[in-house]
Amino acid sequence: MASQHNDGGAKTRVALASVFAAVFLTGSKVAVGVLTGSLGILSEALHSGLDLVAAVITYFSVRVSDIPADDDHHYGHGKVENLSAFIETLLLLVTCAWIIYEAAHRLITGRVMIEVTPWSYIVVAVSVIVDFTRSRALMKAARTHNSQALEADALHFSTDIWSSGVVFLGLVCANFGWFFADAVAAFLVALIVLFVSYRLGRRSVEVLLDKAPGDIVPSVSRIAAATPGILRYHDVRARNAGADVFIDLCIHVAPHCTIAEAHGIAEELERRITAAIPRCTVHIHEEPEDA
């Protein structure tokens, strides 16, 4: 329990730092985008604005996800993180719709003139540095604490790195008089966001629908096969809920085993599984093997 509490505190601090980073990036991009009229930078500002909303959602979700199970939530609150990731996917799709609409409108109407200033390059360069730093910190924390919400936030910031690079290229082209490149860059930003949205949305929906995590069942099967006293095993099932994993399986022991001996074999199997898979809850059903 103490370890889980420490995990929650670490995740909360990382998520809160991302909120402050998103506030800084959104404000600076809005200011420069309005001053220069760059759709690329304004689309980046909207992207960062939705990143800010996503970061706030992540912050609250990681605070709730580690609350222990209670009378109304027997499996804990871990799926709050997966729901958070799904909501962030919807926010990314809203970003795409707005960017594509504005880019198409400017190309059709011919309103592609923008003013490129040194601040245009500075805000994009700073954005790449901040996004790179935050995405690495978030991904490291996500892997350490098995947090899909933090991973979703990391994908938001890593997407900003690529989209900022596209916008930077659009600004360079505009500086040489190819103003349409800014709107084209916005289209490319939308494509990048769509790709990340698909990946993020698919994973969060899979967890919400209790799809078996691909690496858990083979690991449990290998451990069960190597545990002394287990003659056969079957019905290995697993599902994620935030950072937690719930595992069920049935094992067969020798028919002459006493209840205490069968329980001891099951306890040994549970010890091995929990040592190999962090934050997992294991339910084992013992049956006597037919003579």
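This passage walks through the fold of one protein chain, from its overall outline to a few single residues.

The model described here is predicted. The chain holds 8 helices and 3 strands. Read from the N terminus, these elements follow the order α-α-α-α-α-α-α-β-β-α-β. A helpful way to begin is with the overall outline. For a compact globule of 291 residues, a radius of gyration near 19 Å would be expected, whereas the chain has 25 Å. Along the principal axes, the C-alpha atoms occupy a box of roughly 85 × 35 × 30 Å.

The contacts and the surface add to this picture. When contacts between residues at least 6 apart in sequence are considered, 75% of them link residues at least 24 apart. Buried residues make up 48% of the 291 in the chain. The accessible surface amounts to about 14500 Å², and carbon and sulfur atoms account for 66% of it. The chain carries 22 positive and 30 negative charges, and the mean positions of these two groups lie 7 Å apart.

Attention can now turn to the interior. The largest nonpolar core has 22 residues, and those touching the most other members are Ile41, Val124, Val167, Val189 and Leu200. Two or more residues of this core come from each of α3 (79-109), α4 (118-145), α5 (148-175) and α6 (180-208). The greatest share is given by α6, with 8 residues. Val124 offers a close look at the packing: apart from its neighbours within four places in sequence, Val124 is in contact with Ile41, Ser164, Val167, Phe168 and Leu171. There is also a second, separate core of 21 residues, and Ile216, Val236, Ala238 and Ile251 are among them.

Ile216 leads on to helix α7, which spans residues 216-226. Within α7, the buried residues are Ile216, Ser219, Val220, Ser221, Ile223 and Ala224. Why might positions a few places apart in a helix face a common side? An α-helix has 3.6 residues a turn, so residues three or four places apart point the same way. The cover over the buried residues of α7 includes β1 (232-241), β2 (244-253) and α8 (259-276).

Single residues in other helices show how burial can vary. Thr12 sits in helix α1, which covers residues 2-36. Is Thr12 buried or exposed? Thr12 counts as buried because its relative accessibility is 17%, under the 20% cut-off. Leaving out residues up to four places away in sequence, Thr12 touches Tyr59, Val62 and Arg63. Leu83, by contrast, belongs to helix α3 and counts as partly exposed, at 43% relative accessibility. Between Leu83 and Arg237 there are 154 places in sequence, and their C-alpha atoms are 22 Å apart in space.

Finally, the backbone has two details to look for. Most residues other than glycine have a negative phi. Which value does phi of Asp235 take? Phi of Asp235 is near 55 degrees, which is positive although the residue is not glycine. Asp235 is part of strand β1 and counts as exposed because its relative accessibility is 54%, over the 50% cut-off. Arg279 likewise has a positive phi, near 50 degrees, and is a residue other than glycine. Arg279 is located in the loop that joins α8 to β3 (280-288).

Technical notes. Residues numbered from 1 in each chain as written. Predicted model: local features only at pLDDT ≥ 70, side-chain atom pairs only at ≥ 80, totals over all residues. Heavy atoms only, no water. Helix = DSSP H or I, 4+ residues; strand = E, 2+ residues; numbered from the N terminus. Rg over C-alpha atoms; globule rule 2.2 N^0.38 Å. Buried < 20%, exposed > 50% of the residue type's maximum accessible area, 1.4 Å probe, protein only. Contact = heavy atoms within 4.5 Å. Areas by Shrake-Rupley, 256 points an atom, 1.4 Å probe, with all protein chains shown as cover. Lys, Arg positive; Asp, Glu negative; His and termini not counted. Charge placed at Lys NZ, Arg CZ, Asp CG, Glu CD. Core = buried A, V, L, I, M, F, W, Y, C linked by side-chain atoms within 4.5 Å.
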